Amino acid sequence: MTQREFTALIEREGDGYVSLCPELDVASQGSTVEEARLNLKEAVELFLDAASPSEIEARLKSEFYVTRLDVAVA
C-alpha cells in the first residue's frame, strides 16, 4: 500500500463544515473541522477503493493550486 497526499478544503456552512478534495472532486461534511477532515479522508479512501483505475484517472487533477488574492473593495 502506498501513501498519497491530497488537498482538503474545509469551510463553514451553517452549523457545520463542508470538506472537499478538489483533486478527485470528492466531498463530505462534519460538525467540526476535524470531523469534516476525517470524513473526507474516509470518503476519498472509499472512492479510491471502489472506483476503477480509468475513473480515478479521469477525475484526478494532477495540478491544483490554493492561493490568496488581494482585491480592492469599494
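This dialogue works through how to read a helix and the core it belongs to in a predicted model.

User: What should I know about the model before I begin?

Analyst: It is a predicted model, in which local features need pLDDT of at least 70 and side-chain atom pairs count only at pLDDT 80 or more, while totals for chains, interfaces and linings use all residues. Residues are numbered from 1 along each chain as its sequence is written, and side-chain values use heavy atoms, with hydrogens and water left out.

User: Which residues make up the largest nonpolar core?

Analyst: A nonpolar core is a set of buried Ala, Val, Leu, Ile, Met, Phe, Trp, Tyr and Cys residues joined through side-chain atoms within 4.5 Å, where buried means under 20% relative accessible area and exposed over 50%, with partly exposed in between (1.4 Å probe, protein chains only). Here the largest one has nine residues: Cys21, Leu24, Val26, Leu40, Ala43, Val44, Phe47, Ala51 and Ile56. Helix α1, residues 33-50, gives the most to this core, with four residues; helices (H or I, at least four residues) and strands (E, at least two) are DSSP runs, numbered from the N terminus.

User: Which residues of α1 are buried, and where do they lie on the helix?

Analyst: The buried residues of α1 are Ala36, Leu40, Ala43, Val44 and Phe47. Seen down the helix axis, they fall within an arc of 100° (taken from the directions from the axis to the C-beta atoms), so they line one face of α1. The face turned away from that buried side carries the exposed residues Leu46 and Asp49.

User: What covers the buried residues of α1?

Analyst: Contact means heavy atoms within 4.5 Å, and the cover includes β1 (9-13), β2 (16-21), β3 (26-30) and α2 (53-59).
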